[in-house]
Amino acid sequence: MKKSYQAPRGMRDVLPENMPAWQRLEGTARHLARLFGFSEVRPPLMEETTLFTRAVGEVTDIVEKEMFTLQKGKTSLSLRPEGTAGVVRAYVQAGYAKRDPLQRMYYCGPMFRYERPQKGRERMFTQFGVECIGSSDPRLDAEVMDLAARFFEELGLTGLEVRMNSMGDGEDRDRYRAAVTDFLRPKLGEFCELCQSRFERNVLRVLDCKNPACGELSMGAPVLIDYLGEENRAHFEAVQSSLRDLGREPCVDTGIVRGLDYYTRTVFEIHAPAIGARSALCGGGRYDHLVRDLGGPDVPAVGFAIGFSGTLILLEQLGLLEGLEREAPEVYVIGFSAEQKSEVLKVAGDLRRGGISAIYDVDGRSFKAQMQAAGKGTHKYAVILGDDEVERGVVQLKDLGAKSQIEVPRDQLVEAIRSAL
RNA sequence: GUGGGUAUAGCUCAGUUGGUUAGAGCACCGGAUUGUGAUUCCGGGGGUCGGGGGUUCAAGUCCCCUUAUCCACCCCA
């Protein structure tokens with residue numbers, strides 16, 4: 001009978017007590033983005049459905065079954081399942097290509113996918129991503145990878161691997177795909193069922209099947225790098241050397257094949273071996289034709305996206321979130337008895353007008369209970385007033401950390417706290 | 001989408017082969033001289049046992065359905 005509500009499946013509340021950790025991630029993201037010259041962009045959370053199908057690829061799971069789609073009359077809108085498409089659309093719509101082609105943009109916000117929830121995989125999840133649109137300079141590929149790696153390093157994570165690969169471009173990829181198909185076809189029957197379906201849907205995925213038997217059969221398969229054209233090979237080399245310029249040793253992993261259709265040339269992932277097989281915390285790469293494919297001019301781009309939930313899980317596991325406490329007001333105002341109710345409110349008001357955060361007890365609790373409340377959170381000071389203080393126009397200012405206490409005239413309270421802070 | 005596990009107080013969990021008023025720790029509230037936070041001691045509030053249906057004299061316990069969550073698969077930032 002009684003209806004009780006819960007958050008929708010796969011979506012969770014970030015409660016005040018979780019905020020410090022989240023703000024740390026967001027703060028780090030914004031700080032680094034700024035450091036690298038990226039500006040924030042905030043496209044709508046929904047776009048025309050076809051924007052995503054065009055960008056992400058028709059046969060990907062994302063498009064086939066994971067989008068939250070809303071039909072209103074003739075328009076079909078979908079909640080964004082990833083960030084790049086919207087940013088690219090905004091780039092095109094704003095006309096940047098003509099007036100200011102090179103744009104370094106970042107975003108941080110919720111994405112939506114209708115998937116079966118699991119640890120580290122929610123229907124509404126948060127990503128921090130950057131998109132550098134308007135140039136194919138290999139230094140940008142390296143820079144973007146560096147930024148992604150720095151994000152994790154800044155949070156205290158070490159031992160992460162930045163693995164990169166090149167997927168080539170149109171022709172290279174076609175030639176390579178054909179070579180892989182030829183290579184696999186003769187022994188296709190020996191692969192697992194899944195691989196057989198992958199063979200039809202996205203041949204390259206067969207190569208990173210986790211089934212050991214399939215892995216063995218794939219041994220000796222053609223390697224994409226060998227199929228790169230002159231220009232793309234040079235680009236790949238240049239990205240690696242730029243990475244070295246930034247003090248990072250490139251780690252080439254020919255197994256990396258991003259799932260999304262739009263990637264070209266550079267692709268990379270950042271892994272945390274500490275969390276096992278499902279270790280990718282970040283994925284990204286170059287998408288030189290997406291802008292054009294979405295109806296814009298033919299400008300190249302490179303970017304990445306980092307999921308917050310995986311990052312948070314890892315930070316939690318490593319105990320790097322300890323000591324992050326919910327923020328409490330600086331001052332807790334205490335009245336000795338109910339008599340001071342009104343004076344307590346006045347003092348709190350004065351403090352707030354003076355730019356100092358303050359709260360007080362509203363449950364009419366005992367003096368002792370108020371002291372306990374003051375000592376519990378991260379309040380820095382307790383301001384205490386009883387009959388005597390009210391009469392004399394003073395308050396007791398107690399430093400809760402140092403446990404020291406001084407008497408201060410009411411009209412000098414704000415100043416006293418300011419100078420002590 | 002497929003397979004499996006779990007669901008008891010705000011949190012972490014006990015609860016025997018079905019059998020009286022469902023427990024603990026932590027947390028919360030009050031008190032131990034109505035002017036100072038810890039520890040300790042005493043006391044207290046709080047659960048229609050996730051929801052619905054069924055079997056039974058009797059269901060937290062057994063069966064079915066449902067919702068959520070977790071794990072693996074699928075897929076993937």
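**Notebook: RNA strand B and the protein cores**

I began with Gln-118: one of its polar side-chain atoms lies 3.4 Å from a base nitrogen of RNA strand B. I keep in mind that this is a predicted model.

I looked for other polar contacts to the strand. Lys-398 also points to a base: a polar side-chain atom of Lys-398 is 3.0 Å from a base nitrogen of RNA strand B. For Arg-9 the partner is a phosphate oxygen of RNA strand B, at 3.3 Å from a polar side-chain atom.

Next I took the whole surface near the strand. How many residues surround RNA strand B? I found 42, and the closest are Lys-119, Arg-198, Arg-365, Leu-400 and Gln-405. I sorted the surface by class: 22 residues are charged, 11 polar and nine nonpolar. Then I turned to the RNA side. Of the strand B atoms within 4 Å of the protein, 60% belong to sugar or phosphate, and the rest belong to bases.

I checked which elements supply this surface. Helix H8 (193-201), H14, helix H15 (387-392) and strand E15 (394-399) each bring at least two residues. Which of the elements gives the most? H14 does, with seven residues.

I stayed with H14 and picked Met-371. Helix H14 spans residues 367-376, and Met-371 sits in this helix. Is Met-371 buried or exposed? I call Met-371 partly exposed, because its relative accessible area is 22% and buried means under 20%. Leaving out residues up to four places away in sequence, Met-371 touches Ile-334, Ile-384 and Lys-398. I met Lys-398 above, in the polar contact with a base nitrogen of RNA strand B. I also noted a distance: Met-371 and Gly-10 are 361 residues apart in sequence and 41 Å apart in space, C-alpha to C-alpha.

Then I went to the interior. The largest nonpolar core has 86 residues. Within this core, Phe-38, Phe-128, Ile-133, Phe-151 and Phe-304 touch the most other members. Helix H6 (residues 138-154) gives the most to this core, with nine residues. I also logged a second, separate core of 17 residues, with Ala-348, Leu-351, Ala-358 and Val-383 among them. In soluble globular proteins, nonpolar side chains tend to be buried together.

Last, I listed the contacts of Phe-38. Which residues does Phe-38 contact, leaving aside neighbours within four places in sequence? I read off Ala-33, Arg-104, Met-105, Tyr-106, Val-130, Glu-131, Cys-132, Glu-143, Val-144 and Leu-147.

Terms used
Residues are numbered from 1 along each chain as its sequence is written. Chains are lettered from A and ligands numbered from 1 in the order in which they are written. This is a predicted model: local features need pLDDT of at least 70, side-chain atom pairs count only at pLDDT 80 or more; totals for chains, interfaces and linings use all residues. Side-chain values use heavy atoms; hydrogens and water are left out. A nonpolar core is a set of buried Ala, Val, Leu, Ile, Met, Phe, Trp, Tyr and Cys residues joined through side-chain atoms within 4.5 Å. Buried means under 20% relative accessible area, exposed over 50%, partly exposed in between (1.4 Å probe, protein chains only). Helices (H or I, at least four residues) and strands (E, at least two) are DSSP runs, numbered from the N terminus. Contact means heavy atoms within 4.5 Å. A residue is near a molecule or strand if one of its heavy atoms lies within 4 Å of it. A polar contact is a pair of N or O atoms within 3.5 Å; within protein, one must be able to donate a hydrogen and the other to accept it, and residues adjacent in sequence count only if both atoms are side-chain atoms. Ala, Val, Leu, Ile, Met, Phe, Trp, Tyr, Cys and Pro count as nonpolar, Asp, Glu, Lys and Arg as charged, and the others, Gly among them, as polar.
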